[in-house]
Amino acid sequence: MNDTVRVAQRLRLDTLDRLSGQGRGWVGPAVDPRALRVGVVHLGIGAFHRAHQAIFTELAAAATGREDWGITGVTQRSASVRDQLMPQDGLYSVLERGADAAPLRVVGSVRDVVFGAGDPAAVVDRIADPAVRLVTLTVTEKGYRRDGAGRLDRSDPEVVADLAGRPPRTVVGQLVRGLQRRLAESAEPITLLSCDNLVGNGDVLRGLVQDIVDALPSSEAGGLADWITTSVRFPSCMVDRIVPATTAEDRADALAVLGLEDRGVVVAEPFSQWVIEDDFAAGRPAWERAGAVLTRDVAAWEAVKLRMLNASHSLLAYLGALRGYDTIAAALTEDRLAAAAESLMVEDVAPTLRVPDGLDLDHYRGQVLTRFANPALRHRTVQVAMDGSQKLPVRLLGTVRDRLAAGAVPRHAALAVAAWMVYVAQGRDVRGRDLPLDDPMAERLGTAGAAAGGDPQRLVDALLHVDEIFGADLRDHQGFRAALVDHVAQLTKG
């Protein structure tokens, strides 16, 4: 009976205190969570942040003895993370899957979680707090609400509402209103660090913040633009770790190891990488002590990751989903799909890259495929396939443009784009199962795909005319179009 009661207990500081993690297959927080003071606000506290930046930040605090880099997380679309973590005093565990997996780790760097949609004023308050010197973001590509030109989408109803003065619910609106309040109350400098898969993510974020500031009435903007120029930094960074969705089996495994119920457990592969531009306005955690790379040249690392890892991930997701594979690892068991992913990296991507010092590109390519093939991760193809309209431009179309400019048609990159087109139009796999079109442009894409009536040429033309994704240059390139038509015809045959 006592064992049953113990197992049913929830992970919290008091229950954790009664256990000894060492030697039991798990490790506790690297620092005492009670001692941490909040110095970071993180927008988008999903599983990825908890399995990546939050761990780096906790390990940096442990390495330096600094206690002023605790994290307030903001969950944007759902209160679920707040409801998972706050009854657990912000604690959660990270369960690694695969060869060389570390013991289960309990993380304590998250000290507060705010539900942004339910309490937008609290988000502004946290950003304005002078003790906060860093705001980090993992809000996915679509969370930036950009138009086809990459600027702030002024037609987005949520952006319009934020500009009209309601308590802000968009990420960039929250940042700008928080900066306004900060300037008025303390004028303390601050750094805004995007950790999303966007080319030049720091520059992207800077431009979007400026777009909102420029749209404000002069009576509101005041000296905000000048203060941002002198007191706010927007470094770029590249993040990498595979973090699949947590399952009931994962929660059961964490319970078996820890002996406490953890409703916030996240799953990750053993690999983790963070490359950060070293440009901060008011200090930063010593992330390099936790294994991060601090550099002045993020762009080369970023291009390698986006064009090799993320692009091949998307290729395997669309081709694999169409072929009826539920996971990326399962898709890689088909020799044709594995060969397509490797050919994409070798023949199309590699010629476009400027390889950063210290990186062996051949080793990196092999490492990518090995990581994807890890069956313990169960990374679902339809999960990776989400938001294709946002992902294709940053993962694949830069490679396409560079190869076309060099006089070569990138057939393997075109195959990935064609697979996305068929995924959009067909909506089912070879076994007749529905494939969800989870995309901010789903209605428009679905309409275009349906209108093609299964004809490869009409489908390619319809989707190439979505200028927000492809632009006029790719729409009008006959060599690229011909490759797409050929691939679509092969993918839809029989």
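Strand β3 covers residues 70-75, and six of its six residues are buried, so the strand is largely enclosed by the rest of the structure. Buried here means under 20% relative accessible area, while exposed means over 50% and partly exposed is in between, with a 1.4 Å probe and protein chains only. Strands (E, at least two residues) and helices (H or I, at least four) are DSSP runs, numbered from the N terminus. In a regular strand the side chains alternate between the two faces of the sheet. For β3, both faces are covered: one side has Gly 70, Thr 72 and Val 74, the other has Ile 71, Gly 73 and Thr 75, and all of them are buried.

Before going further, a word on what you're looking at. This is a predicted model, where local features need pLDDT of at least 70 and side-chain atom pairs count only at pLDDT 80 or more, while totals for chains, interfaces and linings use all residues. Residues are numbered from 1 along each chain as its sequence is written, and side-chain values use heavy atoms, with hydrogens and water left out. The pLDDT is the predictor's confidence in each residue, from 0 to 100. The protein chain averages 95, and 97% of the residues score at least 70. Residues 1-7 are another matter: their pLDDT is below 50, and beyond near neighbours in sequence the stretch has six contacts in the model. Contact means heavy atoms within 4.5 Å. Where pLDDT is low, the predicted coordinates should not be read in detail.

Now back to β3 and its neighbours. Two strands pair if DSSP finds at least two bridges between them. On one hand, β3 pairs with strand β2 (residues 38-43) in the parallel sense over five bridges, and Leu 43 stands opposite Val 74. On the other, β3 pairs with β6 (residues 110-115), again parallel and over five bridges; there, Ile 71 has Val 110 as its bridge partner.

Step back and you can follow the whole open sheet: six strands in the order β6-β3-β2-β7-β8-β9, with parallel pairing. β6 and β9 (232-233) stand at the edges with a single partner strand each, so one side of each is left without a neighbour in the sheet. The partner of β9 is β8 (residues 190-194), joined to it by two bridges and running parallel. One bridge pair here is Ile 190 with Val 232.

Next, two single residues. Leu 11 sits in the loop between α1 (2-8) and α2 (13-17), and it is buried, with a relative accessible area of 0%. Leaving aside neighbours within four places in sequence, the contacts of Leu 11 include Pro 87, Tyr 92, Val 106 and Leu 258. Asn 310 lies in helix α13 (residues 298-322) and counts as buried at 4% relative accessibility. Outside its neighbours within four places in sequence, Asn 310 is in contact with Asn 197, Lys 305 and Arg 395.

Finally, the empty spaces. A cavity is a set of points, on a 1 Å grid over the protein atoms alone, where a 1.4 Å probe fits but cannot get out; lining residues have an atom within 4 Å of a point. The structure holds four cavities of 30 Å³ or more, and the largest has a volume of about 60 Å³. Its lining includes Ile 242, His 313, Arg 371 and Phe 372. Helices α14 (328-331) and α16 (361-372) each supply at least two residues of that lining.

Definitions and conventions
On a 1 Å grid over the protein atoms alone, a cavity is a set of points where a 1.4 Å probe fits but cannot get out, and a pocket is an open set with protein on both sides within 12 Å along at least five of seven lines; lining residues have an atom within 4 Å of a point. Grid points are joined across faces, edges and corners, and a volume is the space filled by probe spheres set on the points.
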